[in-house]
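Reader: I am a first-year student, and I would like a close look at the buried interior of this model. Please go through it slowly and explain each term when it first comes up.

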Amino acid sequence: MSPWIEAMRLRTLPVSVAGVLAGTACAIYHHRFALPQMLICLIFAIVAQIASNFANEYYDFKNGLDKKGREGYRRGVTEGDIRPGAMKRATYLLLLIDALLGCSLIYWGGWWLIAVGVAIAIFAVAYSAGPYPLSHHGLGDVAVVIFFGFVPVVFTEYVQAEVLRIDSVTLCTSLAIGLLAANVLIVNNYRDCDDDRAVGKHTTVVLFGRKTMRTVYLINGTIAMTCLAMATTRAPQWTVAGWISIEAMVLLLWQKICASTGTALNSMLKFTSILVLVSTIYLLVVLSLWPE
């Protein structure tokens, strides 16, 4: 696989897609679906995550936090496949492209969306860089809940509806997607715990230990499924089988994570990412078929 494609971390991109689809599900529920805005948000979210992944690879290398032969996915910069300068330029070029793309949403959402775009750009870099990198100080999980849950869901719905409407369905959907996205990060950091501890990178797994964060993974999944149920109360009772099935997947993945170490966790990371997308598709179908 091309080092650049690997650096995009395609296995985790369903998390970006999920936030936009979930926001679209809320828009449809409120009878406000708009395809152009949805597509722009979708491309914007994917490009923003790729830029963040590039920044993470570059700045972790620059700060000496990566090493060759790590248990996680191959890092092109660390392994010498990609020049550091090229990765840095690619990061900021993608952020520039995303900024221009995001400006098109001003037509529907107003000039104040610039502030939202700036916050997203700052997060994309500040996750790994700056005077206080979020991922190095146990704040990555909280940031993921906000920027992969609440931000994409609320603002994807907003630019389609052209009205900022945050009700119980939108809030429950945002929290569900955010917590499931945080689980993707937990698996990633669970796998890398020993390497991160050795270089002083204080993820939540390093701070609280693998056992605690395994429990958090299960709690996140359970709360997320409860939120899914609360967001779909207008649907027939038989649709409960959907979120029960997803909760069963959470339990299965949790058991697998408890029994896995090293590179075996790479597949758990992929399936946790897919689970976020599956949950979103369930929401999209149910909220579309049984709107308010």
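Author: What follows begins with the interior and then moves outward to charged pairs and loops.

The model is predicted, so to speak of local features a pLDDT of at least 70 is needed, and side-chain atom pairs count only at pLDDT 80 or more, although totals for chains, interfaces and linings use all residues. Residues are numbered from 1 along each chain as its sequence is written, and side-chain values use heavy atoms, with hydrogens and water left out.

The largest nonpolar core has 51 residues, and within it Tyr217, Leu228, Ile257 and Val276 touch the most other members. A nonpolar core here is a set of buried Ala, Val, Leu, Ile, Met, Phe, Trp, Tyr and Cys residues joined through side-chain atoms within 4.5 Å; buried means under 20% relative accessible area, exposed means over 50%, and partly exposed is in between, with a 1.4 Å probe and protein chains only. At least two residues of this core come from each of the helices H2 (14-29), H8 (140-161), H9 (168-191), H11 (204-208), H12 (210-231), H13 (240-258) and H14 (265-289), and it is H9 that gives the most, with 13 residues. These helices are DSSP runs (H or I, at least four residues; strands are E, at least two), numbered from the N terminus.

To see how one member sits among its neighbours, take Ile257: leaving aside residues up to four places away in sequence, Ile257 touches Val187, Tyr190, Tyr217, Leu265 and Met268, where contact means heavy atoms within 4.5 Å. Another core lies apart from the largest one, and its 19 residues include Ala7, Ala51, Met87 and Val125. As a general background to both, nonpolar side chains tend to be buried together in soluble globular proteins.

Val125 leads us to helix H7, where Leu113, Val116, Ile120, Phe123, Ala124 and Val125 are buried. The buried residues of H7 pack against helix H3 (35-62), helix H5 (84-103), helix H6 (106-109) and H8. H7 itself, residues 113-126, has 14 residues and reaches 20 Å from its first C-alpha to its last, close to the 20 Å expected at 1.5 Å a residue; the expected span is 1.5 Å times one less than the number of residues. On H5, one of the helices that H7 packs against, Ala86 has its place, and at 16% relative accessibility Ala86 counts as buried. Ala86 and Tyr58 are 28 residues apart in sequence, with their C-alpha atoms 9.3 Å apart in space.

Charged side chains add another kind of link, since a search of the whole structure finds seven salt bridges, each being a side-chain nitrogen of Lys or Arg within 4 Å of a carboxyl oxygen of Asp or Glu. In one of them the side chains of Glu6 and Arg11 meet at 3.5 Å, N to O; here Glu6 is buried, with a relative accessible area of 13%, while Arg11 counts as partly exposed at 26%. In another, Glu292 and Arg165 have their closest N and O atoms 2.9 Å apart. Because Glu292 lies in the segment after H14 and Arg165 in the loop between H8 and H9, this pair ties together parts that are 127 residues apart in sequence. Both partners count as partly exposed, Glu292 at 34% relative accessibility and Arg165 at 38%.

The salt bridge between Asp194 and Arg197, whose closest N and O atoms are 3.4 Å apart, is a local one: both residues lie in helix H10 (residues 193-198), three residues apart, about one turn of the helix. Asp194 is partly exposed at 46% relative accessible area, and Arg197 likewise counts as partly exposed at 44%. Salt bridges that share partners also join Arg165, Asp167 and Glu292 into one network.

Two loops complete the picture. The loop between H8 and H9, which holds Arg165, also holds Glu162, whose phi is near 60 degrees, a positive value in a residue other than glycine; Glu162 counts as partly exposed at 45% relative accessibility. In the loop between H2 and H3 is His31, which also has a positive phi, near 65 degrees, without being glycine, and which counts as exposed at 53% relative accessibility. For context, most residues other than glycine have a negative phi.
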